[in-house]
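Student: I have a model open and want to go through it step by step. Can we take it as questions and answers?

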Amino acid sequence: MVSKKIKIEKMAGSQRKYAGNSNRFMDNDVPKYRFPEGRMEPRSAYQLIHDELNLDGNPGLNLATFVTTWMEPEADKLILENLHKNFIDHFEYPQVEVIEERIVNIMANLYNIPDKDDFVGTSTIGSSEAIMLGLLAHKWNWKEKRIKAGKPFDRPNIVFGADTHISWDKFARYFDVEPRIIPIAKNRYTITADDVRKSVDENTIAVGVVLGTTFTGEFDPVVEVNNMLIELKKTTGLDIPIHVDAASAGFITPFHEPDFPWDFRLEQVKSINTSGHKYGLVYPGLGWLIFRNEKMLPENLKFYVNYLGDEMPTYTLNFSEGSSMIVAQYYNIIRLGFEGYRSIVEKMMGNAHYLTEKIRKTGYFDVLNDATHIPVVTFKFHEEKNFDLFDLSYKLRERGWIVPAYSLPKNADDTTIMRVVVRENFTADMVDIFANDIDVAVKSLKVKLKKSPERSPRQGHGVS
Ligand SMILES: Cc1ncc(COP(=O)(O)O)c(C=O)c1O
């Protein structure tokens with residue numbers, strides 16, 4: 001968040017002349033927007049912050065987020081044991097680096113890397129960093145090719161859909177690449193291979209394909225885009241790579257639909273990102289980026305750090321990084337194994353399908369995505385009411401549920417939808433309670449709005 005000067009400090013201070021911010025451990029108010037002059041007891045500081053953070057939502061009831069909110073106590077223990085290790089200090093903490101390398105290998109194999117001796121990858125803070133690094137490599141590869149061919153390299157573009165996460169727009173702006181954004185349509189919320197074909201040219205550094213999209217959880221047509229790009233390569237010689245943003249599906253599809261080809265089985269897929277902290281079942285922040293071949297990562301983008309006399313290449317945006325989540329990912333992988341992940345994924349899919357059924361049965365909604373590929377359910381009111389999904393979202397908050405309502409991107413922006421991300425702790429029992437709460441909330445909104453036509457303020461939650 002970009003923070004700026006907070007104006008309320010003066011006001012709050014003057015109102016507190018007679019009611020100090022004190023408790024049994026402390027007598028004085030604590031300035032919030034400048035450094036306090038003196039110290040305070042640890043338990044006072046703890047209590048003060050702990051109490052304030054009670055205002056945050058309950059992560060267990062947060063149906064808005066893909067991000068993991070619970071891990072096993074043994075994982076928590078490993079996280080605590082490794083919290084103070086800076087991952088970049090490979091010399092001091094060589095074993096965490098070894099574990100990271102193992103996971104990169106595991107992920108490359110999970111994504112059906114064709115040559116088991118020729119791939120490269122890295123951990124990141126999340127999918128956003130992985131997307132930036134993946135696309136940056138494609139920009140450099142494109143530039144090197146253009147230089148070799150004696151062609152201009154000042155107008156790179158990248159093709160992706162309006163259904164992508166904001167990190168794609170960020171990449172384009174931060175790294176000065178023209179974004180060619182394929183619009184979605186009124187009743188189609190993903191891209192088409194035809195639209196991609198119309199947007200690419202010799203200056204296209206890569207095409208972005210998302211599994212599943214942040215807005216509805218649907219899949220962009222990865223097979224069709226791949227086939228179209230192979231055809232384009234045959235007919236024009238243009239060899240345009242696909243970067244698959246599998247932030248959420250990267251830990252679902254290999255277990256739920258192992259025969260669905262979306263990964264390195266497809267010829268044009270040259271890099272893939274996923275979020276360890278989403279369905280990788282690790283707390284934030286952890287992401288993974290895998291390149292199909294070592295040569296996809298240009299030598300110029302690697303930086304070398306000394307590691308036991310050896311030179312270790314790194315490819316990250318941030319230098320320092322925590323070690324704990326990498327360790328936690330490894331814990332999950334060896335603790336659960338393929339079968340453990342598969343079983344959790346199947347349970348989440350089952351609960352998501354059950355939720356779809358319950359949502360339909362309320363009679364209020366049209367379901368847009370019935371958890372076709374990943375355990376995400378999106379729906380909208382099937383008829384106009386004198387209240388909307390923003391009102392419903394606020395109403396559900398009274399019970400503690402955090403469910404986002406938001407409007408879709410341009411061309412479908414008159415459609416407001418609600419999205420539920422089903423995670424491991426959202427069991428069938430919780431689905432029953434939630435569906436009942438929706439019913440109660442809708443009925444109560446109907447009654448309330450009959451009595452008073454005043455509307456609650458409209459504001460969507462952030463969608464991550
Ligand atoms: C499709 C997609 N890509 C990228 C991201 C960004 O991921 P992260 O939060 O791991 O940086 C998200 C986040 O929800 C996402 O849904």
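Student: By class, how many nonpolar, polar and charged residues does the shell around the ligand have?

Tutor: Keep in mind that this is a predicted model. In total, 14 residues surround the ligand, and the closest are Gly126, Ser127, Ser128, His165 and Ala247. Gly counts as polar in this scheme. By class, the shell has three nonpolar, ten polar and one charged residues.

Student: Which strands stand at the edges of the sheet, each with a single partner strand?

Tutor: Start from the strand order. The open sheet has seven strands with mixed pairing, running β1-β7-β6-β5-β4-β2-β3. Each edge strand has a single partner, so one side of it is left without a neighbour in the sheet. The edge strands are β1 (120-124) and β3 (178-182).

Student: In β5, which residue is the bridge partner of Val209?

Tutor: Val209 falls in the range of strand β4, residues 204-210. This strand runs parallel to β5, residues 242-245, and four bridges join the two. The partner of Val209 in β5 is Val244.

Student: Helix α5 packs on the sheet; what angle does its direction make with that of β7?

Tutor: Helix α5 spans residues 127-148. It touches β1, β2, β4, β5, β6 and β7. Its direction makes with that of β7 an angle of about 25°.

Student: Why is Phe291 classed as buried?

Tutor: Phe291 sits in strand β7. Among the residues it touches are Phe119, Val120, Ala137 and Met296. The cut-off for buried is 20 or more other C-beta atoms within 10 Å. Phe291 is buried because the count of other C-beta atoms within 10 Å is 26.

Student: How far apart are the C-alpha atoms of Phe291 and Ile99?

Tutor: Along the chain, the two residues are 192 residues apart. In space, their C-alpha atoms are separated by 18 Å.

Student: How many residues of helix α11 are buried?

Tutor: Helix α11 covers residues 389-397. Its buried residues are Leu389, Phe390, Asp391, Leu392, Ser393, Lys395 and Leu396. The helix is mostly covered, and of its nine residues the buried ones number seven.

Student: Where domain 2 touches domain 3, what classes of residue does domain 2 have on that side?

Tutor: Domain 2 is 76-332 and domain 3 is 347-451. Their C-alpha centres lie 31 Å apart. The contact takes 19 residues from domain 2 and 13 residues from domain 3. By class, the domain 2 side has nine nonpolar, six polar and four charged residues.

Key: Residues are numbered from 1 along each chain as its sequence is written. This is a predicted model: local features need pLDDT of at least 70, side-chain atom pairs count only at pLDDT 80 or more; totals for chains, interfaces and linings use all residues. Two strands pair if DSSP finds at least two bridges between them. Two residues are in contact if their C-beta atoms, placed from the backbone, lie within 7 Å. Axes are lines fitted to C-alpha atoms, for helices over the stretch in contact, and angles run from 0 to 180 degrees between N-to-C directions. Domain bounds come from an automatic or database domain assignment. A residue is near a molecule or strand if its C-beta atom, placed from the backbone, lies within 6 Å of it. A residue is buried if 20 or more other C-beta atoms lie within 10 Å of its own, exposed if 12 or fewer, and partly exposed in between; C-beta atoms are placed from the backbone. Lists of a residue's contacts leave out its neighbours within four places in sequence.
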